[in-house]
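Welcome! Take a moment to look over the chain below before reading on.

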Amino acid sequence: MAETILIIEDEPKVARLARDYLEKNNYRVLIANDGKSGLATARGEKPDLLVLDLLLPEMDGLDVCRALRRESDIPIIMLTARAEETDRLIGLELGADDYITKPFSPRELVARVRALLRRAKGRVYQSGIIRVGDLELNTESHTLNLAGEDIHLTRIEFNLLETMARHPGQIFSRAQLLENLHGVAYLGYDRSIDAHIKNLRRKIENDPAEPKYILTVYGVGYKFGGQ
Ligand code: CA
């Protein structure tokens, strides 16, 4: 069965262009023109993925994102204008999975949709073990094995790695990573995350200068590659 994509976008031209390309790629597409009806459609139709514009009449994209995240795991791609960088960061912190800056190429949108749907399926992991490439994280014993060798990580390093490895490809802001360090006695500020990431890379990357697991997303934060 075709996967359903809901586009919430108030500019008809943009919505139509996105719909045409997605339909050509065998997705079923629904369109809502404002935040309020978009939220209702998301709840009623339970689409597989949401393409969400940030500036919307009735209820803005951030509020839609916030409301949906409280009740579902639906993958969300935000559409933002270049000038909306702060909103984009807020969106990612509210749990959006990815963003595309307008004007965007519809081909790029289709590629992101496809990648995100694939990732969303990979979110399931069994028996407390997360395996990515040569990495094996045991989330119960908090141990890391790299290509057969046990690697010692501090609790903070393990927590950072686990948080990102659970959602490969998802972008995490420093503030988000910091917030995820719950349970770990830790007083820090956003940028202090960088020092831990540096140590982590030294321990798990073949070449810390060319990381393949923990990637920097310029101006935003980090994401886990390795897939
Ligand atoms: Ca708009």
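What follows is a short tour of the domains and of the place where they meet.

## Two domains

Please keep in mind that this is a predicted model. Its chain is assigned two stretches: domain 1 covers residues 4-120, and domain 2 covers residues 129-224. If you mark the centre of each domain from the C-alpha atoms, the two points lie 28 Å apart.

## Where the domains meet

Now turn to the boundary between them. Nine residues of domain 1 make contact with nine residues of domain 2. Together the two domains bury about 750 Å², and carbon and sulfur atoms account for 52% of that area. On the side of domain 1, three residues are worth finding in your viewer: Leu92, Glu93 and Arg119 provide 52% of the area that this domain buries against domain 2, more than any other three residues.

What kinds of polar pairing link domain 1 and domain 2? There are two residue pairs in polar contact between the domains, both at pLDDT 80 or more, while the number of salt bridges between them is zero.

## The domain 1 side

Which elements give two or more residues to the side of domain 1 that touches domain 2? They are the helix α4 (85-94) and the strand β5 (98-102). Of the elements, α4 gives the most, with four residues.

Sorted by class, this side of domain 1 holds five charged residues and four nonpolar ones, with no polar residues. Charged residues are thus present there, yet no salt bridge is counted between domain 1 and domain 2.

Definitions and conventions. Residues are numbered from 1 along each chain as its sequence is written. This is a predicted model: local features need pLDDT of at least 70, side-chain atom pairs count only at pLDDT 80 or more; totals for chains, interfaces and linings use all residues. Side-chain values use heavy atoms; hydrogens and water are left out. Domain bounds come from an automatic or database domain assignment. Contact means heavy atoms within 4.5 Å. Buried area is the accessible area (1.4 Å probe) that two parts lose on being put together, summed over both. A salt bridge is a side-chain nitrogen of Lys or Arg within 4 Å of a carboxyl oxygen of Asp or Glu. A polar contact is a pair of N or O atoms within 3.5 Å; within protein, one must be able to donate a hydrogen and the other to accept it, and residues adjacent in sequence count only if both atoms are side-chain atoms. Ala, Val, Leu, Ile, Met, Phe, Trp, Tyr, Cys and Pro count as nonpolar, Asp, Glu, Lys and Arg as charged, and the others, Gly among them, as polar.
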